[in-house]
Structures are given as C-alpha cells and as structure tokens.
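Visitor: I'm new here. Could you show me around this structure and let me ask things as they come up?

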Amino acid sequence: MIHVREKHWADEIADAILKTPGPHEISTGISPSGEIHIGNLREVITADVLHRVLTERGAQVVFDYVADNFDPLRKVYPFLDAAVYEKQIGKPLSEIPCPCGRHASYGDHFLEPFLRSLEGMRIKVKIYRADQMYKSGMLVTQIVQALKGRDRIAAILHESTGRQVEPTWSPFNPICQSCGRMTESVVRGFSERAETVDYECPCGGRGTVSMRGGGKLTWRVDWPARWARIPVTIEPFGKDHATKGGSYETGARICREVFDAPPPFPVTYEWISFKGMGDMKKSKGNVLSVHRMLEVVPPEVLRYLVVKTRPGRSIGFDPGLPLLQLVDEFDDAASQARDPRALQLSGADQFTPVGVPFRHLVNVVQMADFDLDQVVTILRRNGYPVENPEALKERAGYAARWLREFAPAEMKFALQKTLPAGAAPLSEGQRAFLGRLGEALRPGMTGEEIHALIYEVAKEIGLPRTTDAFEAIYRVFLDQSKGPRAGWFLAFLDRGFALDRLRAAAAA
C-alpha cells in the first residue's frame with residue numbers, strides 16, 4: 001500500500017492564497033501593554049511560515065509586524081505601580097514612562113525584548129510602529145474616510161454586533177491636550193483641508209488636534225484602515241476576532257464599504273494555553289514572555305511546536321516536565337527525518353543538532369555542577385561523539401536555565417563532594433550492598449548493565465526491599481532519597497570517584 005503524506009497546513013493555506021494574484025503582504029501585530037507572551041508568538045510564527053512557503057512558490061510577499069504602541073493604557077495591570085500608572089490610564093503607550101526607566105517609553109519596554117526574541121528565532125519582519133504610522137501622516141487618508149463615513153461605520157457595527165453606538169461616538173479618538181488621554185474626548189468637528197479634528201474632553205480641555213498624531217482610530221476601524229493603507233492581503237489572528245460580529249467581520253465590511261479596499265485573507269488560529277492556567281492573557285497575569293521562554297527552550301523547538309500543529313487546534317504548553325518531552329520529540333524527529341516538512345518550516349536546518357537527549361543533559365548538567373566544560377568531558381567519557389562542543393554547551397545552557405526556572409523539585413539534585421550526613425542512618429544491609437556493588441562494578445559498564453547489577457546485588461545481599469538499594473545510592477551521592485535512574489547515573493560518574501564513595505559509605 002502506498003501512503004501519501006498529508007499536505008502540510010501551510011501549503012494548503014498557500015494554495016488558497018495564491019488563487020488571488022499578488023503582490024502579497026502578511027501582517028501581524030500586538031499591543032505592547034505588557035509582556036508579549038508565547039501565546040502571541042503563535043501569530044508571528046504562523047505568519048513567518050506562510051511567508052516562507054509563499055516565497056518558495058515564487059510569490060512576491062512581504063511580512064510585517066505592527067506594534068500597537070499608540071493604543072491607550074487600559075488599566076493598571078498587576079505588575080505596575082498603581083501610584084505611578086493610575087494617572088497614565090487612557091494615554092498612548094508610546095507617550096507614557098517606561099516601568100524600568102531604561103527605554104524611551106512604556107511601549108518600548110515590552111516591545112524591544114520581543115523584537116530581540118524574533119531575531120533569535122531567525123524571524124525577519126518589517127516593523128511598523130503605530131505611533132509613527134499616525135505621526136507621519138501615513139493614515140490621514142483613512143482618518144478622513146472614517147470621519148466622513150462615521151454613519152456607515154455605525155450602521156455596520158449595529159448590523160453585525162447589535163450594538164448601537166452613542167450619538168457622540170466617533171471612529172477617531174483625539175488626544176486631549178490638557179490631560180493627555182484619548183479615551184474620553186469627544187469629536188466636535190473636523191477639517192479635511194487642514195487635516196485637523198476639534199474635540200472636547202470631560203477634564204475641561206478642548207481644542208484642535210492634527211490628524212498626524214493627534215489621536216488614533218478606534219480599534220475596530222484602525223485595523224481595516226491598516227489593511228487598506230499598507231495594503232495587507234493576509235492576516236493571521238486569534239479565534240476571538242473570528243466570531244460572528246467579531247472584529248474581522250466588521251473590519252472586512254468597513255474595509256470594503258468605507259475604505260474601498262478588499263480585506264485580507266484570514267488565517268484563524270487557536271490559543272496557546274498555559275497548562276493549568278488557561279489561555280494566556282496579560283490581564284490575567286498568567287503569561288510566559290517570549291524572551292524568558294527562549295532562555296530555556298531552543299528557538300527551533302518553539303517554532304516546531306507551532307509549525308507541527310494546525311492553526312485551528314489549540315496548543316497546551318507546560319514548561320515543566322512536558323517541555324523535556326517536547327525538546328526530545330523535536331530531536332527525534334530531526335534525527336529520523338520524521339515530519340520533514342514541519343522540520344523544514346520550523347527552520348531546523350538553521351540550528352546544529354547535538355545528539356544528546358535533553359533529559360540526559362538536564363542530569364549531566366547537575367552532575368557537572370553546572371560547569372558546561374565539564375558537561376562535555378562527562379559525555380565524551382561515556383562515548384557520546386561530541387562533534388561540536390560549542391553547540392552542545394549552548395544546548396546544555398538551556399538545560400541549566402530550565403532547571404533554575406521551571407524544573408520540578410523531583411528533577412533536581414546536587415552531587416555531594418564528600419560523604420554526606422544523610423549516609424549516617426543507612427542500615428548494615430545497605431552498607432553491605434554498597435560495598436558489594438563497588439566490588440562488582442566493572443570498567444565500561446553501561447547504564448542498563450549497572451541497573452541490572454543493582455537488582456542482582458540487592459538480591460545477593462538479601463535486602464528486604466529493592467528500594468532500599470536505590471535509596472542507599474542516592475543517600476551517599478546526593479544526600480536525598482530519590483534521584484535520576486541509578487544505573488545511568490553511576491555510569492556517568494567518574495569511575496574513581498564512584499568507587500571511592502561506595503567504599504567510604506560501606507565502611508562508615
């Protein structure tokens with residue numbers, strides 16, 4: 001029977017996109033109001049994968065990222081100092097102070113680490129900053145069209161969502177020149193010729209602002225305005241925007257009926273959920289920032305997690321033990337050429353394989369007391385062909401940081417340099433077992449052979465429980481009752497060190 005490999009989802013979407021002639025522009029974006037998390041990363045990776053596929057097909061395509069740094073601060077998030085930021089609510093993110101004082105603005109504080117993370121993931125995008133789009137006048141034409149089409153937009157919103165806008169509602173939010181907020185001011189008129197908007201604000205402020213940075217379009221109008229202006233032909237977005245009456249439905253109509261432009265091809269994706277905490281949301285505080293995650297997960301693995309999963313399927317992410325399984329799954333797929341299209345699109349060929357399971361590295365790093373040079377030495381001593389020591393040390397660094405950040409307590413241990421106090425309560429039978437085990441260990445034994453030997457010696461000595469044998473090993477080497485697989489652990493120790501410790505424990 002001939003098995004035909006299923007076409008990758010990105011190739012299927014590209015087939016549909018290319019039914020419409022180009023050139024094409026794929027657009028993504030997020031408001032940098034807090035940590036930009038790995039849930040947001042799905043959008044960017046999805047877009048990057050489509051960009052790669054379309055480029056392969058010879059299409060003329062650009063990939064952009066819009067940083068919505070001209071959005072207002074909506075609330076004082078749990079990570080902010082209320083005394084400082086309560087008075088900043090309603091002001092544009094690009095115009096309020098950085099939380100740490102090291103960036104030009106609040107928006108840059110969260111945006112810049114994310115952009116560095118994209119570089120680390122080999123994702124190249126054209127960056128649009130929303131504040132500069134407005135201040136440069138790039139969107140003046142769309143602002144005028146929206147103000148003129150205010151009643152048509154209001155009708156679209158009512159027809160699609162059932163919501164009747166207030167009589168004073170406007171598609172444009174002026175920035176009050178008195179209080180600096182854009183969330184409460186009311187439009188009182190505009191001049192197309194002068195490119196200005198008149199406003200009043202509940203704070204008592206009133207005046208005239210320029211359409212070039214004096215305010216911005218409200219979200220449901222801003223999105224289609226960008227589609228028309230850039231112009232955007234493809235846009236991935238989360239499932240919340242794809243609901244009936246959602247922002248894509250209203251945006252598509254506004255794009256056609258007000259801005260006289262076709263809406264982009266939609267690519268809807270499901271959320272990445274944080275295991276045990278639901279969908280990641282800045283407002284919930286259950287986020288895992290991209291830059292923090294890339295300290296503990298190789299970038300090609302994060303890409304693979306998204307690329308191997310159809311956009312319409314949710315992804316559950318757990319940075320604990322399941323993360324080890326994910327990294328090893330990626331390595332296995334890469335070494336055995338399984339799912340080659342997903343590997344190709346995840347950029348696996350841009351990264352150097354190391355040939356050592358991540359779970360092994362987690363243990364070896366601890367045995368080496370986090371000395372990455374010693375990690376290389378231990379692996380070579382045990383027959384691993386370390387062809388690229390620097391690549392191996394880079395991967396071991398991820399393991400070390402994972403141990404510090406996310407490892408559960410049962411995965412952690414510290415090799416004791418001397419016989420620990422925990423060895424004192426060992427029974428005579430356990431001491432006899434350790435002495436006999438030291439005598440029976442032969443040079444070059446594998447972890448599996450040593451594991452079998454432990455059972456054999458425990459039976460020979462007559463220990464009442466096999467678990468007593470394993471506990472004795474962990475007590476004398478780690479000063480704890482549990483640890484990594486004992487046979488493998490002993491195989492990776494320096495032979496002289498292991499024999500000396502077993503003899504010392506037996507004689508104590």
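What follows is a chat about the sheet, the helices, the cores and a few unusual backbone spots.

Guide: Before we start, this is a predicted model, where local features need pLDDT of at least 70, side-chain atom pairs count only at pLDDT 80 or more, and totals for chains, interfaces and linings use all residues. Residues are numbered from 1 along each chain as its sequence is written, and side-chain values use heavy atoms, with hydrogens and water left out.

Visitor: In what order do the three strands of the open sheet sit?

Guide: Helices (H or I, at least four residues) and strands (E, at least two) are DSSP runs, numbered from the N terminus. Two strands pair if DSSP finds at least two bridges between them. Strand 5 (residues 186–191) pairs with strand 6 (residues 196–200) over five bridges, and strand 6 pairs with strand 7 (residues 206–210) over five bridges too. The pairing is antiparallel, and the order is 5-6-7.

Visitor: Which strands are the edge strands?

Guide: An edge strand here is one that pairs on one side only. That description fits strand 5 and strand 7.

Visitor: Which residue of strand 6 stands opposite Val 187?

Guide: Val 187 has its opposite number in strand 6. Another pair is Ser 191, whose bridge partner in strand 6 is Thr 196. For Val 187, the residue is Tyr 199.

Visitor: Which residue in the turn between strand 5 and strand 6 has a positive phi?

Guide: Strand 5 and strand 6 form a hairpin with four residues between them. Most residues other than glycine have a negative phi, and most peptide bonds are trans. The residue in this turn is not a glycine, yet its phi is near 55°. It is Glu 195.

Visitor: Is Glu 195 buried, partly exposed or exposed, and what is its relative accessibility?

Guide: Buried means under 20% relative accessible area, exposed over 50%, and partly exposed in between (1.4 Å probe, protein chains only). Glu 195 counts as partly exposed because its relative accessibility is 22%.

Visitor: How does Asp 260 come out, buried or exposed?

Guide: Asp 260 lies in the loop between helix 9 and strand 10. It also has a positive phi of about 55° although it is not a glycine. With a relative accessible area of 68%, Asp 260 is exposed.

Visitor: Which residue does a cis peptide bond join to Gly 22?

Guide: The omega of this bond is about 5°. A cis bond also runs from Ile 230 to Pro 231, with omega near -15°, and Pro 231 is in the loop between helix 8 and strand 9. The partner of Gly 22 is Pro 23.

Visitor: How are helix 7 and helix 9 oriented to each other?

Guide: Axes are lines fitted to C-alpha atoms, for helices over the stretch in contact, and angles run from 0 to 180 degrees between N-to-C directions. These two axes come within 10 Å and cross at roughly 150°. Angles under 35 degrees count as roughly parallel, over 145 as roughly antiparallel, 65 to 115 as roughly perpendicular and the rest as oblique. Helix 7 and helix 9 are therefore roughly antiparallel.

Visitor: What do the buried residues of helix 9 pack against?

Guide: In helix 9 (residues 247–257), the buried residues include Tyr 248, Ile 254 and Cys 255. Contact means heavy atoms within 4.5 Å. The partners are helix 7 (150–161), helix 8 (219–229), strand 9 (234–238) and strand 10 (265–269).

Visitor: How is helix 18 oriented to helix 19?

Guide: Helix 18 (residues 447–461) and helix 19 (residues 466–478) pack with their axes 9 Å apart, at an angle of about 120°. That makes helix 18 oblique to helix 19.

Visitor: Which residues of helix 18 make the contact with helix 19?

Guide: On the helix 19 side, the contact is made by Thr 466, Ala 469, Phe 470 and Ile 473. On the helix 18 side, the residues are His 451, Ile 454, Tyr 455 and Ala 458.

Visitor: Which helix gives the largest share of the largest nonpolar core?

Guide: A nonpolar core is a set of buried Ala, Val, Leu, Ile, Met, Phe, Trp, Tyr and Cys residues joined through side-chain atoms within 4.5 Å. This one has 116 residues, and Ile 454 is among those that touch the most other members. The largest share, nine residues, comes from helix 2 (residues 38–56).

Visitor: How many residues are in the second, separate core?

Guide: Val 144, Ala 146, Val 221 and Phe 237 are among its members. The count for this second core is 46 residues.
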